[in-house]
Each structure stands twice: as structure tokens, then as C-alpha cells.
Amino acid sequence: MKRYIAHRLLQGVLLLCLVASIVFFVGRLTGNPADLMLPEDVSAEDRAALIQVLGLDGPLHEQFFIFVRNALHGDLGMSIRMRQPAVEAFFSRLPNTLAIIPWAILLAMAVGIPLGVVAALHRGGWIDRMAGAIAVLGVAIPSFWLGILLIFVFSVQLGWLPSGRMGGPSHYVLPVITLGTFLIAGFMRLVRSSMLEVMDSEYIKLARIKGLRESVVIWKHGLRNALIPVLTLWGVFVGNLITGAIVTETIFAWPGIGRLTYEAVIFRDFPLLQAVIILKSILILSINLLVDILYAYVDPRIRLA
Amino acid sequence: MLPSWPSAQAQGQAGALVFAVESLAAQTLDPILEQRPGNAVYQAAMYDSLVGFNLAKGGTGPGVAERWELAADGLSWTFFLRPSQTFHNGDKLTAQDVKFSLQRQMAPNSTAATAATMRRTIKSIDVIDDLTLRVNTNSPQISLPASLSRAVAPEGAVMPHAYIERVGEEEFRRKPIGSGPWRFLRNVPGDRIEFEAAATPHWRGTPNFKNLHILLVPEESTRVAMVRTGEAAIASIGPETMLGATRAGLQVLSVPGTMQAVFQFWGAFRPDQKDNPIAKPRVRQALSLAIDRQELIKHVMNGKASLPYPFATFGYTESFTAERWEKWSREAFRYDPALARKILAEEGYPNGFELKFANTALPGTQFMVDIGTVVADMWTKIGIRVTLKHYEWGSFQPLERGDQAALAGWASMYRTAGRPDAPWRYNSSYSPDSTQRLLGDKDNCQTACQAFVDVYRALLDERDPTKRTTLNDRMVEIIADSWTVIPIIEGMGYYAINTKKVGQFAAIPGRHELGDVFERIPHPEQAPWKK
């Protein structure tokens, strides 16, 4: 097991180096932040001076070496736009994103798992088709459209909930639904296929032969085993939410790391963009590693392989 | 010593004025770390500027300085400050603070847009007495007061010298103080900035609200929803949302003269472009005649735009005969496709020609892409075969630099922001050593280019107002006749307003942002603000 973890850690470090290099060079292909900061009628002299102040005047390879050297010391640079350490900016916004992610996953599991079970039990029937349709809708509805629709109905028309921004519990409802809807489909489809497989297995038949109540067979013996693949998916979903909350956070004016990423891209804030992507990558790699370790414990075939 | 003016409560200030905006830019309260839009949106609330606005007409007017004078030799400006101005901690605002602020804007660590220009042009700054300051320049700088006016740039923001020296820069950034009508309360990155009405009467106007909350809400439909539900009183919107906002019962405020959407021709003067149809001024004029500006204003801008003046000029442009040029524009910018076709035929293109057109929009003016698309479509109606290429602004800007190889011979969309001093903008587009150099470069500066250079140089040193207006008009004429940058529409700034939350107010002409207006916004039951 230790070898397995060490191997995964090494993979993670290599992946991080690759991500950091790609972000550094690709980011710089998109233009110079000075052009977005300065008015259109600024002189070449003023532009050159600002580029120097921002530390973007040296050759690209020199900038890269400086970036690598500083990164090895834990310094991912200073945000060009906010003049604040990029790591500090990331960690000041991270709690805001983490505040909605668990609720979105909880919502998705609360709806998606029972829906998947019911669909599997009524395979081919109208309930299964309905659940399938819900799953397709969940994946197909763009989150920006869903978010705006929810604001229009529940904030503007009914006046029940705020339109956006962080605040009390009522501020969480619409962003959580918007984020969670996409995940409902994923949970439902995975649980359905997993349940179909499990319900055909010998031990389920044995449970029925033993005369256990059908509800016990389904929810205790069936679902418990069907949930093992969901564990893997859970890790993927958390990763998706950390990286993919950009749209939801933008619509609901939620000051999380999704919005921070968006702002870093829009303003060509290279140091911030590098820091955000690297730190997000570390987060996702850590979550995936944790899930893999858990999975290896749950299913010994994984660690043996 | 704290001033003895009445408290905010005693003056009847109540409630919070909530404003939702699409961007808070750098979201820092240190003026040397912010650029023009951010300064105009939120820093303006708490900082005063050395030179201010003409509230009724737009353009420059009194600010921290009541008046200013140019020395006989043209090499220094003397600014006379208003008496009895204080910072929010009670410190007196003096000429020493203005000197310190200008030096801070010019400092090597400043990200101010014109820091390098200031370093080059300002020789020294003398404090004559508490209320008098002299700025000495290396050469005559006729436009210096305009450059230090918030109507043009943020570099005139006045910061508290003694406070910053006492607490240090880092602490100042955490707990900034200014001298404006709003006092800083808190800054929540990525979310909002909160201010409280300063507890003193202010020459800019004493706020009617107790608090000012500026919210960062990037999505426009969310901003409008917030105004509809009353979560915000005012939100910035684009022209595409105006109709929806009006139908939803919101009031739409339009701020005149905030920008010009233009199209311009790159490298048309270059020898390697001599066979390109756009090298001919009459062909460029024909392309202008093919644009139905009234249709654009009606359908793309929802009626909230106007026929433009010549390039980079507005009704409030200084040293400029606006009436003459308004008349000229009505004639020159008319829609006449028949004449456009006739000109093309006379110039040897009876069947039109192929035109490469880069469509782009500067930050905050996304509607320019729609304008560019419509313009391209209008050109096809006179036989122009347009190759339209869309660029995100960040990827378009690098094309302007260097030898402009990717742009030479192309037309593109562009913008000019509303500012009262035309020569600065003209220089950035037409000077042979400028980045854009649209009339000619150092090696190819022909008749029109040379005429521009001569007039611009004369303008730099001309102090007589009448002669200055004559020169300014001549400069505008040279460029207008060159048809190298052609205005399409004069745009406005737009806001959706919930009239149950705020009363009637007007913005400052040419000033898109409301940072200098918040203090004059009344409650719904109060009398409308008058200029």
C-alpha cells in the first residue's frame, strides 16, 4: 500500500510540474495584462514603464526560471491586478467555494441515488424512462441558463429568495441547486447501472431466498454494494465542482475561487492564474489520491493491480 | 483636531445606497494601484481630485483646486486650493498633500497609466503656502490641468501625506482615508466595497444616504434582477438590456458622450499598401457613407446613442467649436449608399473590392461587436466583400504593436473614451512615432501627416484660447478629411434604476461612471438633484 501511495504521489508531482509549465506559457500567449489595464490612448513610454513595474519586461525564459525558483520556495507570485500575494488571494476565496460544494453534493446524492435505485428497479418502465429524461436534462441544461431561470422565478417573480451574493442560508439555495443539478444526473446514472449489476448477483438472490424483506434486500444489500463505484465518482465530482463553479459563482456573484479564476483569465493576471490552477490541481490531486486510497481499502483488487 | 461639523445622523442621512457594477477592477483603495475605470467607479467616492468636473456640461471644472494659472513662460502651473478641506481623520488638506500625491503617482512603483509621462514632463513641485502649489514642467504642458482632472485621468487623486507617513503604505491600503464625501468602511475582495457618508458637509455635495455599498455582480441579468427585487438601487447595464429593463418597470439613465465607437484603417499610408483600395481617402469616405447610423442607433443601441462629432471630440471638448462640427457631422456622416457606390466606381471599383475587417470590443463595450457586425453587413450592400475576423481585445492589442504586419491594410473596430482634451488622443493615433501612427510613420510622413505634426506641435505651446481653438479645429479638420478613423456612433453609459429606492438624479456628461455622482443621489421622496 505504501508503494502504491508513493507511486501516486510521484505521478501527482510530475503532473503538477506539467500543469504549471503549460499554464505559464499558454497564459502568456493570450496577450499582455498591461494592455487591459491601460487606456487605449496611452503612450508607448507609459506602457513600457507599467510592463516593467509588473515584472513582465524580461525574456520569457527568464520569467519562467524566476517563477520556478520562487514556486519551489512556496512563493507563487503577486497578483498583477490586486497587488496581493496570489496564494493569499486564493485561500481568502477558497472557503466561499467550499461553503457551497458539500451542499451541492448532498443535494445531488439525496436526489440522484434514490432516483437511480428506483430507475434500476423499474428497468425499461416509464419510471426508468422518466429518470433517464431527468438525467439527460440535468446534464444538458447549461448552468448559466438554469441559474438565470431560477433567479427569474424565485427572486424576481416570487420574491422568495435573493438573486445572488453570499449571505444567510437563503443565499445558498439557488447556487446549490444550480451546481447540484448537473451532479444529480451523474449519480443517478451510475447508481442505476451499478444497481442493475448488483441486483443480478448471487448474494442478492441468496438474500431473497433467505426470505429477507424486499426493502432490506434493495436498500441494505443492494445499494450498499452499488455505492462502491460512487465513491470514485464522488472524488471526480468534487474536482469538477472546484474547477467548474466558475459559471455558477459568476451568475450568483459568489466570491469564490471559480470567480477568481475567471477574473485572472479576463485580466491576464498571470501570477494569479498560475497560482489558482496549481493550487486547484493540488486540491484535486489530493482528493483523487484520497479516494483512490479509500477505494484500494474497499476493493483489494485495486491495490493488488 | 476633528472638525465641528454635524454628524451624518444629524444631517438626516439614512439608509444604504446599493449600486451593482460588473467590475471592481483591481479593487484596491490605493489610487496608485488602480486605473481609470476602477478609480471612477469606487475610488472617486472617497478621494477628491486636484481638478474636478464641469457638472453641467462635462469636461474639467473646479476640484480640490478652485482655479489654476499658467505662468507667462508656459513652464509652470499654479494651483489655488479651496480653503477648509479636510481628510476623514480631520487632518487639513494642504498643498503639501497635493505635492505628495503627485509624487506618489509618479513613483517607480506606481501603476498609474501616465506615471512615466509625469516623470518626464514634471520637473519639480513647489509648495508656495498651504493653499498654493506650483508644478514646474520641462516644457509647456498646456493640458496639465486636464490630465490631473478626474474627467480625464485618476492621477489627480489627493491622498493624505501625514497619515500615510505615520501608518505606512500597507496600513494605508488596509485603512485608507481620503477627503471625499464618502469615508471607507470595508473592502471585501470579489464581493463589495462599503462606504459611510462623511460626517462633514462637502463641496461636492453632502450624501443623502448614510451608507454606500458598491457590489461586484459580474452577470448583467443578475444585476438587473437585483434592481428589480430592490436588492440594489442602481445597476450598470449595456444597451442590449435597456429594453428589457424598461419593460420590467425600471428607469433607464443614459449618460451622454461617454465614448465613440469608430472604425479605422491601419497602415493605409504604407508604400506596400498603395494598391489597396483603402489607401484612397475617397474610398474610405465611401465606406462611411454606406453606414446607416440612424438604423444602428435605433436597433443596436435601442435609440440611446447619437450621431458622433468628428473623431475623439464631444460637445464638451475643450477649445473646439462644437456647433460647427455638429453641423459638419450631420452632413459628413449621413447615409448615402448611392453616393458611396458612385465614389467607388469613380475610384475604379464599380464592383466593390475585398476588405479585411477586424471586429473587436474594448472592455466594457461589448456592444461594439454587434456594431461591427452590422457595419460589415452594410458594406456588403455597396458591393464590398468583407472578410470579418473577430478578436478578443487582449489578442487584438498586440497586433497594433511593432510593424503591424497582421493589421496593415485592414480596417478594424476601435473606441475612444470620452475625454475633454482632444490633442492627447489625436497624438496617440496620429503622431508618426505613436503606436498606431495611422497617417504615417517616421519614414513615411506625407502631406496630411506633416500637417498634423505641425498643428499638434503648435497646439502644445499655444496659450491664447482663441488661437488654441483655431488650431484644435484645424487638427480635427486634417484628421476628418483623412477619413482614417471614422466615428460610427457616440455612445452613452447606461444604468437601470429602481425608483422606489432612489430619487431623480443626473450623471455628469461624458462621465460613464457614477463615483462622482453618488453623493448627489436623493431618496425617492427628496427633490431631484439639479446640476
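The following exercises, each with a worked solution, concern the sheets, helix pairs and domains of a predicted model.

Residues are numbered from 1 along each chain as its sequence is written, and chains are lettered from A and ligands numbered from 1 in the order in which they are written. In this predicted model, local features need pLDDT of at least 70, side-chain atom pairs count only at pLDDT 80 or more, totals for chains, interfaces and linings use all residues, and side-chain values use heavy atoms, with hydrogens and water left out.

**Exercise 1. The open sheet of 10 strands**

Task: Determine the order of the 10 strands in the open sheet of chain B, and state which strands stand at the edges.

Solution:
- Step 1. Helices (H or I, at least four residues) and strands (E, at least two) are DSSP runs, numbered from the N terminus. Two strands pair if DSSP finds at least two bridges between them.
- Step 2. The order in chain B is β8-β9-β10-β1-β11-β16-β12-β15-β13-β14, and the pairing is mixed.
- Step 3. β8 (182-188) and β14 (385-391) of chain B each have a single partner strand, so one side of each is left without a neighbour in the sheet.
- Step 4. From one strand to the next, the twist averages 25°. Axes are lines fitted to C-alpha atoms, for helices over the stretch in contact, and angles run from 0 to 180 degrees between N-to-C directions.
- Step 5. Within the sheet, β11 (residues 234-237) and β16 (residues 485-497) of chain B are joined by four bridges in the antiparallel sense. Ser236(B) has Tyr495(B) in β16(B) as its bridge partner.
- Step 6. Helix α9 (residues 281-289) of chain B packs on this sheet and touches β12 (251-265), β13 (354-360) and β16 of chain B. Contact means heavy atoms within 4.5 Å. The direction of α9 makes about 150° with that of β12(B).

**Exercise 2. The open sheet of four strands**

Task: Describe the open sheet of four strands in chain B and the helix that packs on the sheet.

Solution:
- Step 1. The strand order is β4-β5-β7-β6 (chain B), with antiparallel pairing.
- Step 2. β4 (65-70) and β6 (122-129) of chain B are the edge strands, each pairing on one side only.
- Step 3. Direction ignored, neighbouring strands are turned by 20° against each other on average.
- Step 4. β4(B) runs antiparallel to β5 (residues 76-81) of chain B, and five bridges join them. Trp68(B) is placed opposite Phe79(B) in β5(B).
- Step 5. Helix α2 (residues 95-106) of chain B touches β5, β6 and β7 (132-137) of chain B, and its direction makes about 165° with that of β6(B).
- Step 6. β6(B) and β7(B) are paired over six bridges in the antiparallel sense, and they form a hairpin with two residues between them. Ser124(B) is found opposite Asn136(B) in β7(B).

**Exercise 3. Helix pairs**

Task: Characterise the packing of α16 with α17 in chain B, and of α7(A) with α7(B).

Solution:
- Step 1. Two packed helices are described by the angle between their axes and the distance between the axes.
- Step 2. For α16 (residues 447-461) and α17 (residues 465-482) of chain B, the angle is about 160° and the axes are 9 Å apart. That makes α16(B) roughly antiparallel to α17(B). Angles under 35 degrees count as roughly parallel, over 145 as roughly antiparallel, 65 to 115 as roughly perpendicular and the rest as oblique.
- Step 3. Residues of α16(B), including Phe452(B) and Val455(B), meet residues of α17(B), among them Leu471(B) and Met475(B). By class, this contact of α16(B) with α17(B) has 10 nonpolar, one polar and two charged residues. Ala, Val, Leu, Ile, Met, Phe, Trp, Tyr, Cys and Pro count as nonpolar, Asp, Glu, Lys and Arg as charged, and the others, Gly among them, as polar.
- Step 4. Between the chains, α7 (residues 143-157) of chain A and α7 (residues 220-229) of chain B pack at about 5°, with axes 10 Å apart. α7(A) and α7(B) are therefore roughly parallel to each other.
- Step 5. The contact of α7(A) with α7(B) contains five nonpolar, five polar and one charged residue.

**Exercise 4. Domains**

Task: State how chain B is divided into domains, and how many residues of these domains are in contact.

Solution:
- Step 1. Domain bounds come from an automatic or database domain assignment. Chain B has domain 1 (16-233 + 498-520) and domain 2 (257-491).
- Step 2. Taken over C-alpha atoms, the centres of domain 1 and domain 2 of chain B are separated by 32 Å.
- Step 3. In chain B, 22 residues of domain 1 are in contact with 16 residues of domain 2.
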